[in-house]
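Take a minute to look over the sequence and turn the model around on your screen. Then we'll walk through it together.

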Amino acid sequence: MAAPEGSAARRSPRAREGPQNCSVPDCSAEAVRSLALAEAKKAFSSLPDAERRAHLCREHYRAWKKATKKDRDLKRLGW
Ligand SMILES: [Zn+2]
């Protein structure tokens with residue numbers, strides 16, 4: 001059975017994503033986490049509104065966790 005090459009090559013564009021860079025201005029580290037933009041803005045108000053999600057590198061993710069700690073203590077999910 002000969003499947004047409006053209007359709008086989010056409011994969012879902014969302015199947016794989018390359019590494020994202022941190023969304024924080026002036027930071028070009030590779031992002032390890034993505035959060036809803038509104039959540040990220042609680043810690044980094046200077047984030048651009050271009051996307052609905054913000055991508056954070058390890059350092060900024062840690063900073064974000066610290067900045068939103070009070071918030072998170074309310075709903076102790078304990079992960
Ligand atoms: Zn960063």
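What follows is a short tour, starting with the overall layout and ending with a few single residues.

First, some housekeeping. What you see is a predicted model, in which local features need pLDDT of at least 70 and side-chain atom pairs count only at pLDDT 80 or more, while totals for chains, interfaces and linings use all residues. Residues are numbered from 1 along each chain as its sequence is written.

Let's begin with the layout. The chain has four helices and two strands, and if you read along the sequence you meet them in the pattern α-β-α-β-α-α. Here helices (H or I, at least four residues) and strands (E, at least two) are DSSP runs, numbered from the N terminus. Out of 79 residues, 15% count as buried. "Buried" is about crowding: 20 or more other C-beta atoms lie within 10 Å of the residue's own, whereas 12 or fewer makes it exposed and anything in between partly exposed, with C-beta atoms placed from the backbone. As for contacts (two residues whose C-beta atoms, placed from the backbone, lie within 7 Å), residues 24 or more positions apart account for 49% of those with a separation of 6 or more.

Now find the two strands. β1 and β2 run antiparallel and are joined by five bridges; strands pair if DSSP finds at least two bridges between them. Look for Ala36, which stands opposite Arg53 in β2. Because four of its five residues are buried, β2 is largely enclosed by the rest of the structure.

What makes up the largest nonpolar core? It has nine residues: Cys22, Val24, Ala31, Ala40, Ala43, Ala54, Leu56, Cys57 and Trp64. Strand β2 (residues 53–57) gives the largest share, three residues. A nonpolar core means a set of buried Ala, Val, Leu, Ile, Met, Phe, Trp, Tyr and Cys residues joined through C-beta atoms within 7 Å. Cys57 is a good one to click on: leaving aside neighbours within four places in sequence, Cys57 is in contact with Cys22, Cys27, Ala29, Glu30, Ala31 and Val32.

Next, hop over to Tyr61 in helix α3 (residues 58–67). Tyr61 counts as partly exposed because it has 19 C-beta neighbours inside 10 Å. Beyond its neighbours within four places in sequence, Tyr61 is in contact with Val32, Arg33 and Leu56. Its C-alpha atom is 9.4 Å from that of Cys22, although the two residues are 39 apart along the chain.

Finally, two loop residues. Asp26 sits in the loop between α1 (5–9) and β1 (31–36), and its phi is near 70°, a positive value in a residue other than glycine. Is Asp26 buried or exposed? Asp26 counts as exposed, because it has 6 C-beta neighbours inside 10 Å. Ser45, in the loop between α2 (37–41) and β2, is exposed too, with 7 other C-beta atoms within 10 Å.
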